[in-house]
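Work through the exercises below with the coordinates open. Each one has a task and a solution in steps.

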Amino acid sequence: MIMSKLTGGTTTGALAAGAILALGAGLAPVANAQTNITVAVPNPSAITWAPMWAAIGEGYFEQEGLSLAVEAVDGSSQVLQAMSAGQAQIGAPGPGPVLNARARGVDVVFFYNLYPKSVFGLLVKADSGRETVEDLRGQVIGVGTADGAEVSFAQAILTDAGMSEGEDYTFLPVGDGGTAAVAFLRGEVEAYAGAVSDAAILASRGLELAEITPDEYLGFFGNGYAVLRSYMDENPEVVAGFGRALVRGMRFMSEPANKDQALAHMAAGNPQEGEDREFAGALLDAVIERMTPTDAYMDQGFGYQPPEHWETWQQSLIDGGALDGPFEDLTAGYTNAQIDAWNAP
């Protein structure tokens, strides 16, 4: 499940947790000195962090005077620990762990919203005729596991639609990937509450899917890039260059003509992930969709963080008991200061 991978769950994949990947091999050297930085990510997938790997492969970071090493650790908590210990200068945690860390006194600042849309979604077969959440009344909805994060995500949507579990709908744990595809094909489920990776796996199995997630639930944005305030204050040029290269990487990989080259860059970061070209392509398509802002915020540019979405996250954590109450200044935990400069033509 991508949500657990993105926001702090178990690391999966071909690379060992904590492995440091040296980057920039094969790139032409530049005359100016490079600033070495370590970026901690909560799982070893390269496609999950696609704009960064596209920017690495195209030499955008090097052009900004940055030499990156990427360290894959086990979840957002370890990302934040690595940053606090000075083992990583930039990290890619989830917004929930960032707010929890700030509540503990860690002055971490989220500066780039990598996943402006929720990494979860409610999916139906494209030819099912089901177009809204109301169309799921009386239906069986597949989930990965009975207690996964996707269950609470779907429950909230269905509750808002006036439905009660057991009366108006039923969850059926069907696993993810291939087993979820089988459940769809056999007609055991009419919808699936899953994540970016799940959608990609289903698509690679030949299932054409449509998403019926209400727009307001897309506000539960996913992981992004963060730094300690002390590092940002002392190294503003690093943060500026990193964001600039990241936006260029996002633009590059979003062009259909660049897809093969983008996948090659990601395969350099995680070779085993790139072995299944069909799946890798489907996952990249799904990732690009989740990394592209909704129409309401598209003019703000890549990386933008809507203040109201941070409010949504804060309230969710309060409601769930993870936070005792609202922050005195929620805006201290994130910044949009350089978004316009990064997205300039």
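The exercises go from the whole chain to one sheet, one side chain, a set of rings and two further elements.

**Exercise 1. The chain as a whole**

Task: State how many helices and strands the chain has, and what share of its residues count as buried.

Solution.
- Step 1. The model is predicted, not experimental, and local features are considered at pLDDT of at least 70.
- Step 2. The secondary structure comprises 14 helices and 11 strands.
- Step 3. The chain has 345 residues, and 54% of them count as buried.
- Step 4. The accessible surface comes to about 14300 Å², with 48% of that belonging to carbon and sulfur atoms.
- Step 5. Among contacts with a separation of 6 or more, 80% come from residues 24 or more positions apart.

**Exercise 2. The sheet around strand 9**

Task: Determine the strand order of the sheet that contains strand 9, and find which strands stand at its edges.

Solution.
- Step 1. Take strand 9, residues 191-195. Its pairing with strand 6 (residues 120-125) is antiparallel, over 4 bridges. In this pairing Phe120 is opposite Ala195.
- Step 2. Strand 7 (residues 139-143) pairs with strand 9 in the parallel sense, over 3 bridges. Here Ile141 is opposite Ala191.
- Step 3. The full sheet is open and has 5 strands, ordered 8-7-9-6-10, with mixed pairing.
- Step 4. Strand 8 (169-173) and strand 10 (209-211) each have a single partner strand, so they stand at the edges and one side of each lacks a neighbour in the sheet.
- Step 5. From one strand to the next, the twist averages 35°.
- Step 6. Check the cover of strand 9: 5 of its 5 residues are buried. One side carries Ala191, Ala193 and Ala195, the other Tyr192 and Gly194, and both faces are covered.

**Exercise 3. The side chain of Arg290**

Task: Decide whether Arg290 is buried or exposed, and list the partners of its side chain.

Solution.
- Step 1. Locate Arg290 in helix 12, which spans residues 277-291.
- Step 2. The relative accessibility of Arg290 is 6%, so Arg290 counts as buried. The cut-off applied is under 20%.
- Step 3. At 2.6 Å, the Arg290 side chain reaches the backbone oxygen of Phe120.
- Step 4. A polar contact of 2.7 Å joins the side chains of Arg290 and Glu211.
- Step 5. Leaving out residues up to four places away in sequence, the residues that Arg290 touches include Tyr115, Pro116, Lys117, Ser118, Val119, Gly121, Val196 and Leu218.
- Step 6. Place the two partners from steps 3 and 4. Phe120 is the residue opposite Ala195 of strand 9, and Glu211 falls within the range 209-211 of strand 10.

**Exercise 4. Aromatic pairs through Trp310**

Task: Classify the ring pairs that Trp310 forms with Phe110 and with Tyr334.

Solution.
- Step 1. Two quantities are needed: a pair of aromatic rings is described by the distance of the centres and the angle of the planes.
- Step 2. The whole structure contains 17 aromatic pairs. For Phe110 and Trp310 the ring centres are 5.2 Å apart and the planes meet at 80°, so this pair is edge-to-face.
- Step 3. Phe110 belongs to strand 5 (residues 108-112) and Trp310 to helix 13 (residues 307-319); they are 200 residues apart.
- Step 4. For Trp310 and Tyr334 the centres are 5.3 Å apart with 5° between the planes, and the pair is stacked.
- Step 5. Tyr334 sits in the loop between helix 13 and helix 14 (339-342), 24 residues apart from Trp310.
- Step 6. Phe110 and Trp310 are both buried, and Tyr334 is buried too.
- Step 7. Ring pairs link these residues into a cluster whose members also include Phe120, Phe153, Tyr217, Phe220, Phe221 and Trp313.

**Exercise 5. Helix 8 and strand 11**

Task: Explain why helix 8 is described as largely enclosed, then examine the faces of strand 11.

Solution.
- Step 1. Helix 8 covers residues 196-204; 7 of its 9 residues are buried, so the rest of the structure largely encloses it.
- Step 2. The buried residues of helix 8 are Val196, Ser197, Asp198, Ala200, Ile201, Leu202 and Ser204.
- Step 3. After helix 8 comes Gly206, with a positive phi near 90°.
- Step 4. In strand 11 (residues 225-228), Tyr225 and Val227 are buried on one side, and Ala226 and Leu228 on the other.
- Step 5. Strand 11 pairs with strand 5 in the antiparallel sense over 4 bridges, and Val108 is opposite Leu228.

Methods:
Residues are numbered from 1 along each chain as its sequence is written. Side-chain values use heavy atoms; hydrogens and water are left out. Buried means under 20% relative accessible area, exposed over 50%, partly exposed in between (1.4 Å probe, protein chains only). Helices (H or I, at least four residues) and strands (E, at least two) are DSSP runs, numbered from the N terminus. Two strands pair if DSSP finds at least two bridges between them. Axes are lines fitted to C-alpha atoms, for helices over the stretch in contact, and angles run from 0 to 180 degrees between N-to-C directions. A polar contact is a pair of N or O atoms within 3.5 Å; within protein, one must be able to donate a hydrogen and the other to accept it, and residues adjacent in sequence count only if both atoms are side-chain atoms. Contact means heavy atoms within 4.5 Å. Accessible areas come from the Shrake-Rupley method with a 1.4 Å probe; for residues, only the protein chains shown count as cover. Rings of Phe, Tyr and Trp (its six-membered ring) pair if their centres lie within 6.5 Å; planes under 30 degrees apart count as stacked, over 60 as edge-to-face and the rest as tilted.
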